[in-house]
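Hi there,

Here is the structure I promised to pass on to you. Have a look at it first, and then read my notes below.

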Amino acid sequence: MDVSDAELARAVEILKRGGLVAFPTETVYGLGANALDDSAVRRIYAVKGRPATSPLIVHIAHLEMIRSVAAEWPDAAQRLSERFWPGPITLVLKKSAKVPPSVTAGLDTVGIRMPAHPVATALIDRAGLPLAAPSANRFTEISPTTAEHVRMSLGNAVDLILDGGPTRVGIESTVLSVAGATPILLRPGMISKREIESVIGPVNSVVQPSSGTAHASPGLHARHYSPRTPFYLLEPGQTGPQGRGLVLQLPHEPEQFAARLYAELRRADEEGWDWLGIESPPQSPEWLAILDRLRRASVPR
Ligand code: TXA
Ligand code: MG
């Protein structure tokens, strides 16, 4: 499970010549390419089957790398980076001219994150390159939280998969825009709105907790992160449809729930049930990001 020096060196070689390397982060596995190499970035979209309208996150290892990626570094970004980086929050900023339009789907902003995983940090640092990386799954599939998930989703389409073991956080990073006058939460994550507001004050939210169809940001499609088996978010006491179904049992703490969720969904999806269900967690702030993912993965009941 540990990544050797020789493997890291090979990964760096692959990235420098425009190849793709899947690597672990603390949230989910990423499918990485040199963010400053347009044709390498285009390969990411091809391998994922991802629409060109869906922008990628650029991963950095230290703050000096910001210069090659962002055109501005507002005070809010400085404060948030001091508090949360390395960690599971992506900041959307005005992009630098060095970042090709393929990375940002033509937007004048770019999402940037400093991941908290030793393999990710070592890879980015040794390559000396910012890495554009979406989650390492095919478009509309559940994000991978193990190297085996990546192998099952992408197989030989990726040049190398670095195995750093199961990811700790388990769901994708919080995405926050600090490119405009008021910060906007674009995708909820385990770093909550409340925690962000304790650092920079009021944050607007385009994420409607009670609606499963909010178009939070380009690429955040309502139905996303789905298993193939029909999946139902069940209110307490509600039952699933007819047929042979499985109601998943997950831990009662949000951190442990998030860490297990995608692996449990993938495993149950392989088992050939008619339907899958999960009992809805509480509507409280610490469950918001999980509820968002469950709503996107589920079909209405
Ligand atoms: O935890 C994560 O964020 C993982 C790991 C690999 O870092 N990555 C990830 O990437 O989830 P992806 O591509 O699956 O999701 C990227 C999200 C999308 O919702 C996209 O719309 C948003 O980030 N995003 C990226 N750049 C943006 C921009 N310039 N403006 C608005 N949203 C942006
Ligand atoms: Mg994704």
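**Helix 6 and the chain around it**

Right after helix 6 comes Gly155, which has a positive phi near 45°. Please keep in mind that this is a predicted model.

Let's stay with helix 6 for a moment. It covers residues 147–154, and its buried residues are Ala147, His149, Val150, Ser153 and Leu154. Where do these buried residues sit around the helix axis? Looking down that axis, you would find them within an arc of 155°, so they line one face of helix 6.

What do the buried residues of helix 6 pack against? Their partners are two helices and three strands: helix 2 (38–48) and helix 8 (254–270), together with strand 1 (21–23), strand 2 (30–34) and strand 7 (160–161).

Now for the whole chain. Its secondary structure consists of 9 helices and 13 strands. The radius of gyration is 19 Å, close to the 19 Å that the globule rule gives for 301 residues, so the chain is as compact as a globular protein of that length. Along the principal axes, the C-alpha atoms fill a box of roughly 55 × 45 × 30 Å.

Of the 301 residues, 56% are buried. If you take the contacts between residues at least 6 apart in sequence, 70% of them join residues at least 24 apart.

On the outside, the chain exposes about 12,800 Å², with 51% of that supplied by carbon and sulfur atoms. As for charge, there are 31 positive and 31 negative side chains, and the centres of these two sets lie 4 Å apart.

Enjoy exploring!

How values were computed:
Residues numbered from 1 in each chain as written. Chains lettered and ligands numbered in written order. Predicted model: local features only at pLDDT ≥ 70, side-chain atom pairs only at ≥ 80, totals over all residues. Heavy atoms only, no water. Helix = DSSP H or I, 4+ residues; strand = E, 2+ residues; numbered from the N terminus. Rg over C-alpha atoms; globule rule 2.2 N^0.38 Å. Buried < 20%, exposed > 50% of the residue type's maximum accessible area, 1.4 Å probe, protein only. Contact = heavy atoms within 4.5 Å. Areas by Shrake-Rupley, 256 points an atom, 1.4 Å probe, with all protein chains shown as cover. Lys, Arg positive; Asp, Glu negative; His and termini not counted. Charge placed at Lys NZ, Arg CZ, Asp CG, Glu CD. Arc of directions from axis to C-beta.
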